[in-house]
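Let's take a walk through this protein chain, stopping at a few spots worth a look. Keep the viewer open as you read.

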Amino acid sequence: MRASLRSLLPYLAGPSKAESEHATEPQTAAVQRLTQRVCSVITRRDLALPPASSGSAVDPNSIAEYLDGVLSPDRSAEIEELCLASDKYLAEVGACWEILHKTQHVVPPPAFFQRTYGLVKELAGVQTQRIARQRARKAVMAAAAVLGCVLFMVLGWEMGVFDRQKAAESKAGLTEEPARQESHEIENHAKEDTANRPRDAKSDPNVLGRFVADGSDTSEILLRNLADNSWQVASLESGLSSGELILCPPGFHAPIRLTSGLEIRLLGNRPAMNNSAEASLPDRAILESAVRLHADPQLDLDVTLLRGRIVITNQKANGEGHARLRFGDETWDLTLPQPGGAAAFELRTYIPAGAHIDQSHQGEEPNSELSLFALRGRTELKVRYDSYSLEPLPGPAMFSWNNVGPISRRPQDLKQLPTWAAEVPDTPGVKSKADPSPEALTSLQRRLLGAASILSALKDSLNHPDVSTRVLAIYCLGAIDELDAVLDVSGNERQFREVRLASMTAIRNWISRGGDNQQRLFLALERKYSSATAEIILHLLNGFSQAQLQTPEVYANLIGYLKHPDLPVRELAHHQLLLLVPEGKAIAYDPAGARGQRNLAVEEWKKLIPTGSIPAKNKKE
């Protein structure tokens, strides 16, 4: 019979206490290891308390019922799985049992109860004072409003606003000049019409550049973010203004010719499609590219790179090209001395494996890495007070930066460029290396260009017969922040498995943008599943650190999750297992398959990784 966590808690007080409370489980090595782990996590000060929100699997009532043994077996198993997967929940349960055990015979003195009831009265008095202050504030504001109205009427009387004779003269003046009034109306209509027209880069001084796709390349498309936070496909030759958020979707690219003579090309990326028999959830995948342009008369280009890849090219007939690149808290100045010179940038952000999640479900700040590659001609770089010179291959062609480790102090020699950088065309209009699935790009581009709503077009593409088109659509949904649509796909048993896997990659890419995305994801998951399931999905998306992989409980929990009632948990657990133990590919398991088939696969996994063991390839020497 399997020992439950609750039945092992008496061992915290020693073997004699465990025997007195009828804890009959033998004190095996696994029991000793778990007991030591509980004792260790209880004393850790870096563990934040779990949230106490209503409905959570770890709220105080659930913990009390679990320790009393009145919860249902399924509910108890759910809490135990969460405790074994996360030290902070294990520490909470262990600490609660220890406090209850040590204080079960302690009777608080009468003064304790008197002080407790007194706190309630004090809070009531504070609340009364707060209400009184609010009422006084409203009375003052009302008096100020009345006084303002009186002053306005006095000023109006002094200026003759209420003089009937002056009003009549004003009316007569308007009727005597109908031609002038009509002229003003025509002028106003002309202004409104001009405001509604697409901006022209040649006539509008606020426009910094234009989208120069020729329309013949089906892999060229650009999205622009509107004031209402919706997205619009940028038309050919449309002008782009300062501060505007523009995005190149995954798999596509978007050339922008600036009025200064420089060109900036946004490069989207589409990872190789996951085969159902393979394990690949890239935690550092680059999908879309997003930038903001800024107006600076002293520079040819001022751009903020938010994520992804861009190529800056000096398309001037003569003269140097001067650009400024902003990313995070960094600012780099770039000079391309020669016409035709080009430099490429790649900004990659990702959540490190096993990253800590605090009680408000805020994750750690993402790791960021930026790489600069000299593609053609010399590239002059200035970072704060330091200057560097980069040359194309075979010279020092790369300069890198990151926010977690040591930063390179000089350009680095490269034997070859990354594949994506090597495929950048020498001149605008030259197509890159053939895409393995061009029909997916063609199909999606046609849908986006002809759609009234980008969101509707992408959702419709999720039902396209071609799997590649569906995968591309799910990447694009993640790129434009449509998290709920991506989550719907991850839990859809009728969707292709490759598309569900792509949704997991899109979610991880979305989390890596930082901010409060980790918390937003938890809240979105909580609306679809239980709080405990949302916690498990967050931990599985973050993966496991090398230290965590040295604990047998990680592998036991992953195998147990293969039988979890929610599809995203089964999907993520299976792929984590395949990443850690590639030999498991021989075990037939479909996360969306029948329960009987899943149960048989779980038994095979238990044979491959026996309880209490660690796969040989993952053991630290």
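Before the first stop, a word on labels: helices and strands here are DSSP runs, at least four residues for a helix (H or I) and at least two for a strand (E), numbered from the N terminus. Bear in mind too that you are looking at a predicted model.

With those labels in hand, find Lys316, which sits in the loop between β9 and β10 (321–327). What does Lys316 touch, once neighbours within four places in sequence are set aside? Its contacts are Ser260, Gly261, Leu262, Asp300, Gly321 and Pro339. Gly340 is 24 residues away from Lys316 along the chain, yet their C-alpha atoms are separated by 7.6 Å.

Now zoom out. The protein chain has 20 helices and 17 strands. Of its 621 residues, 45% are buried. Take the contacts between residues at least 6 apart in sequence: 61% of them join residues at least 24 apart. As for the outside, the chain's accessible surface is about 32800 Å², and carbon and sulfur atoms account for 53% of that.

Next, head to helix α4, residues 60–68. Ser62, Ile63, Tyr66 and Leu67 are the ones to pick out here, as they are buried. These four span an arc of only 130° around the axis, so they end up on the same side of α4. Pro60, Asn61 and Asp68, on the other side of α4, are exposed. Which helices help cover the buried residues of α4? The cover includes α1 (5–8), α5 (73–85) and α6 (87–103). Step just past the end of α4 and you meet Gly69, with a positive phi of about 75°.

For another buried spot, go to Leu448 in helix α11, which runs over residues 438–449. Why does Leu448 count as buried? Its relative accessibility is 3%, and the cut-off for buried is under 20%. Leaving out residues up to four places away in sequence, Leu448 touches Ile221, Val233, Ile454, Ala457 and Leu458. Ile221 is the partner to trace along the chain: it is 227 residues from Leu448 in sequence, but the C-alpha to C-alpha distance is 9.0 Å.

Loops can be buried as well. Gln495 lies in the loop between α14 (483–490) and α15 (497–511), and with a relative accessible area of 8% it is buried. Again not counting residues up to four places away, Gln495 touches Leu462, Arg470, Val489 and Arg500. One of these, Arg470, is 25 residues from Gln495 in sequence and 9.6 Å from it in space, C-alpha to C-alpha.

What about empty space inside? There are seven cavities of 30 Å³ or more in the structure, and the largest holds about 100 Å³ of space. Residues lining this largest cavity include Ala285, Ile286, Leu287 and Glu288, along with Arg307, Gly308, Leu347, Arg348 and Thr349, and also Asn509, Ser512 and Arg513. The elements that give two or more residues to that lining are β9 (301–314) and β12 (342–350). Strand β12 provides the largest share, three residues. By character, the lining of the largest cavity divides into four nonpolar, four polar and four charged residues.

Finally, a few backbone oddities in loops. The loop between β15 (386–390) and β16 (396–402) contains Pro394, and the peptide bond leading from Leu393 into Pro394 is cis, with omega near 5°. Then there are positive phi values in residues other than glycine. Glu237 has phi near 70°; look for it in the loop between β3 (231–233) and β4 (239–241). Is Glu237 buried, exposed or partly exposed? At a relative accessible area of 40%, Glu237 is partly exposed. Arg384 is not a glycine either, and its phi is positive at about 55°. You'll find Arg384 in the loop between β14 (379–383) and β15, where it is exposed, with a relative accessible area of 55%.

How values were computed:
Residues are numbered from 1 along each chain as its sequence is written. This is a predicted model: local features need pLDDT of at least 70, side-chain atom pairs count only at pLDDT 80 or more; totals for chains, interfaces and linings use all residues. Side-chain values use heavy atoms; hydrogens and water are left out. Buried means under 20% relative accessible area, exposed over 50%, partly exposed in between (1.4 Å probe, protein chains only). Contact means heavy atoms within 4.5 Å. Accessible areas come from the Shrake-Rupley method with a 1.4 Å probe; for residues, only the protein chains shown count as cover. The arc is that of the directions from the helix axis to the C-beta atoms. On a 1 Å grid over the protein atoms alone, a cavity is a set of points where a 1.4 Å probe fits but cannot get out, and a pocket is an open set with protein on both sides within 12 Å along at least five of seven lines; lining residues have an atom within 4 Å of a point. Grid points are joined across faces, edges and corners, and a volume is the space filled by probe spheres set on the points. Ala, Val, Leu, Ile, Met, Phe, Trp, Tyr, Cys and Pro count as nonpolar, Asp, Glu, Lys and Arg as charged, and the others, Gly among them, as polar.
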